[in-house]
Each structure stands twice: as C-alpha cells, then as structure tokens.
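User: I should like to go through this protein in a series of questions. Please reason from the structure in each answer.

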Amino acid sequence: MITAVDTNILIDILEPDPLYGPASKEALKKCLREGKIVACEVVWAEVAVVYVEAQEALIN
C-alpha cells in the first residue's frame, strides 16, 4: 500500500505539536509498516516555507 502524507502530519511531527503530534507520529509509523509513504512537491514546499520563515526570523 502507498500512503500520501499531508503537510499537517509532517508539521505535527516536526514541531512537535503536543496535542496532535503523537497521533500523527503513530499514524505515520503505521503507514510505514504497511507500505510506502509519499509526499508531493506541494507538501514539501509548504513544509519548507515554515522553516525558511523561521530561519529568516532568527537571522533578522
């Protein structure tokens, strides 16, 4: 099985979100056990924007 991952799941895990992070992490682990995961270019662009803006804020 192949599962497409949404931006919200990745941000929940990377931040980590105290409310949704653990559930998102477990869901992603389950998907990895059952097959492969993919994220489209739009998802990676949305995730990258969060971190690029954070880095710029630290620099300025």
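**Surface, fold and contacts**

Analyst: In this predicted model, the accessible surface of the protein comes to about 4,600 Å², and carbon and sulfur atoms hold 64% of that area.

User: In what pattern do the helices and strands follow along the sequence?

Analyst: The protein has three helices and two strands. Read along the sequence, these elements follow the pattern β-α-α-β-α.

User: What percentage of the residues in the protein is buried?

Analyst: A residue is buried when its relative accessible area is under 20%. Of the 60 residues in the protein, the buried share is 18%.

User: Among contacts with a separation of 6 or more, what share comes from residues 24 or more positions apart?

Analyst: One example of a contact between residues separated in sequence is that of Thr-3 with Val-38. Among contacts with a separation of 6 or more, residues 24 or more positions apart account for 71%.

User: How far apart are the end C-alpha atoms of helix α2, and what span should its 14 residues have?

Analyst: Helix α2 covers residues 21-34, and at 1.5 Å a residue its 14 residues should span 20 Å. The distance between its end C-alpha atoms agrees with that expectation, being 20 Å.

User: Which residues of α2 are buried, and what arc do they cover around the axis?

Analyst: The buried residues of α2 are Gly-21, Ser-24, Leu-28 and Cys-31. They lie on the same side of α2, because the arc they cover around the axis is only 90 degrees.

User: Which residues are exposed on the other side of α2?

Analyst: Exposed residues have a relative accessible area over 50%. On the other side of α2, those that are exposed are Pro-22, Ala-23 and Arg-33.

User: Which elements are included in what covers the buried residues of α2?

Analyst: One buried residue of the helix, Ser-24, is in contact with Ile-9, Asp-12 and Ile-13. Another, Cys-31, is touched by Thr-3, a residue of strand β1. The cover over the buried residues of α2 includes β1 (2-4), α1 (7-14) and β2 (36-38).

User: Is Ser-24 buried or exposed, and at what relative accessibility?

Analyst: Ser-24 lies in helix α2. The cut-off for a buried residue is under 20% relative accessible area. Ser-24 therefore counts as buried, its relative accessibility being 6%.

User: Which residues does Thr-3 touch, not counting residues up to four places away in sequence?

Analyst: Thr-3 is found in strand β1 and counts as buried at 17% relative accessibility. Not counting residues up to four places away in sequence, Thr-3 touches Cys-31, Lys-36, Ile-37 and Val-38.

User: How many salt bridges does the count come to, and which residues form them?

Analyst: The count comes to two salt bridges. In one, the side chains of Lys-29 and Glu-26 meet at 3.6 Å, N to O; these residues are about one helical turn apart because they are three residues apart in helix α2. In the other, the closest N and O atoms are 3.4 Å apart, and its two residues, four residues apart, both lie in helix α2. The pairs are thus Lys-29 with Glu-26 and Lys-30 with Glu-34.

User: At what relative accessibility does Glu-26 count as partly exposed?

Analyst: Lys-29, its salt-bridge partner, is partly exposed at 37% relative accessibility. Glu-26 also counts as partly exposed, at 44%.

User: How many disulfides does the structure hold?

Analyst: Cys-31 is buried, with a relative accessible area of 19%. Cys-40 counts as partly exposed at 40%. A disulfide requires cysteine sulfur atoms within 2.5 Å, and the number the structure holds is zero.

User: Which peptide bond is cis, with omega near -20 degrees?

Analyst: Pro-16 lies in the loop between α1 and α2. The cis peptide bond, with omega near -20 degrees, is that from Glu-15 to Pro-16.

User: With which residues is Ala-39 in contact, leaving aside its neighbours within four places in sequence?

Analyst: Ala-39 lies in the loop between β2 and α3 (41-59), where it counts as partly exposed at 23% relative accessibility. Its C-alpha atom is separated by 8.2 Å from that of Thr-7, 32 residues apart along the chain. Leaving aside neighbours within four places in sequence, Ala-39 is in contact with Val-5 and Trp-44.

Terms used:
Residues numbered from 1 in each chain as written. Predicted model: local features only at pLDDT ≥ 70, side-chain atom pairs only at ≥ 80, totals over all residues. Heavy atoms only, no water. Buried < 20%, exposed > 50% of the residue type's maximum accessible area, 1.4 Å probe, protein only. Contact = heavy atoms within 4.5 Å. Areas by Shrake-Rupley, 256 points an atom, 1.4 Å probe, with all protein chains shown as cover. Expected span 1.5 Å × (residues − 1). Arc of directions from axis to C-beta.
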